[in-house]
Amino acid sequence: MELLHLYDFLPSGNGYKIRLLLTQLGMPFERIEINLLKGESRTPEFLSKNPNGKIPVLEIEPKKYLAESNAILVYLSEGTEFLPYDRFLRAQVLQWLFFEQYSHEPFIATSRFLISILGKAEEYSEAIKQKREPGYAALNLMDKHLTSQDFFVGERYTIADIALFAYTHVANEGGFDLTQYPAIQAWIERVKTQPRYISITQA
């Protein structure tokens with residue numbers, strides 16, 4: 001099998017999802033840093049890999065690229081314990097992946113980017129304020145779900161957990177208070193105890 005190449009930006013939760021899964025699968029890969037703050041995802045070279053100009057991008061084999069973090073999670077987890085074989089459980093995993101990208105990431109991840117990565121909380125204060133209510137709505141839903149089970153789908157750790165963990169566990173960096181969510185906090189600790197866990201700051 002060809003060595004996988006991951007085009008990534010270290011602070012990115014979307015990139016972290018892929019690093020975490022690859023590490024937990026024990027799959028070797030080479031990480032190539034793409035500094036979003038320097039416009040490196042907008043160069044002609046990078047756009048030839050992903051015309052959408054976003055990371056992560058996984059090079060599966062020479063010149064064969066896959067973009068969108070949750071699509072990459074599904075690709076990598078096929079045939080593994082991280083993606084259920086049962087049709088209904090599998091669909092539930094996908095349900096949470098879609099939730100993460102539509103109802104979670106646009107509010108929690110983007111707030112973190114503006115505040116902690118760009119360092120422009122004051123400049124974007126109105127935009128950040130508008131993200132508060134829908135961001136907390138996502139956290140409320142997650143906490144309620146986790147009060148009755150340890151993980152998001154089928155009582156086992158799957159890519160649904162990886163996708164939601166990436167930005168939830170650093171939500172405080174986007175100004176969200178997690179202390180009011182005991183079920184989420186307990187789940188975060190369970191994720192951190194999974195075999196081959198790595199932190200978001202580990203390349």
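**Exercise 1.** Determine which residue of β2 stands opposite D8, and establish how the neighbouring strands are arranged.

*Solution.* D8 stands opposite E33 in β2; strands here are DSSP runs of E with at least two residues, helices runs of H or I with at least four residues, both numbered from the N terminus. The model is predicted: local features need pLDDT of at least 70 and side-chain atom pairs pLDDT 80 or more, while totals for chains, interfaces and linings use all residues. Residues are numbered from 1 along each chain as its sequence is written, and side-chain values use heavy atoms, without hydrogens and water.

Next, β1 and β2 (residues 29-33) run parallel and are joined by 5 bridges; pairing requires that DSSP find at least two bridges between two strands. Between them the chain passes through helix α1 (residues 13-25), in a right-handed β-α-β crossover, that is, clockwise from the first strand over the helix to the second with the strands pointing away from the viewer.

On β3 (residues 57-61), 3 bridges to β1 are found, in antiparallel orientation; there, E59 is the bridge partner of H5.

Finally, β1 (residues 4-8) is largely enclosed by the rest of the structure, because 4 of its 5 residues are buried (under 20% relative accessible area, 1.4 Å probe, protein chains only).

**Exercise 2.** Identify the residues with the most contacts inside the largest nonpolar core.

*Solution.* A nonpolar core joins buried Ala, Val, Leu, Ile, Met, Phe, Trp, Tyr and Cys residues through side-chain atoms within 4.5 Å. The largest has 49 residues, and F152, I159 and W187 have the most contacts inside it. Helix α6 (159-168) contributes the largest share, 8 residues. Apart from this core lies another of 7 residues, including I34 and F46.

Note on methods:
Buried < 20%, exposed > 50% of the residue type's maximum accessible area, 1.4 Å probe, protein only.
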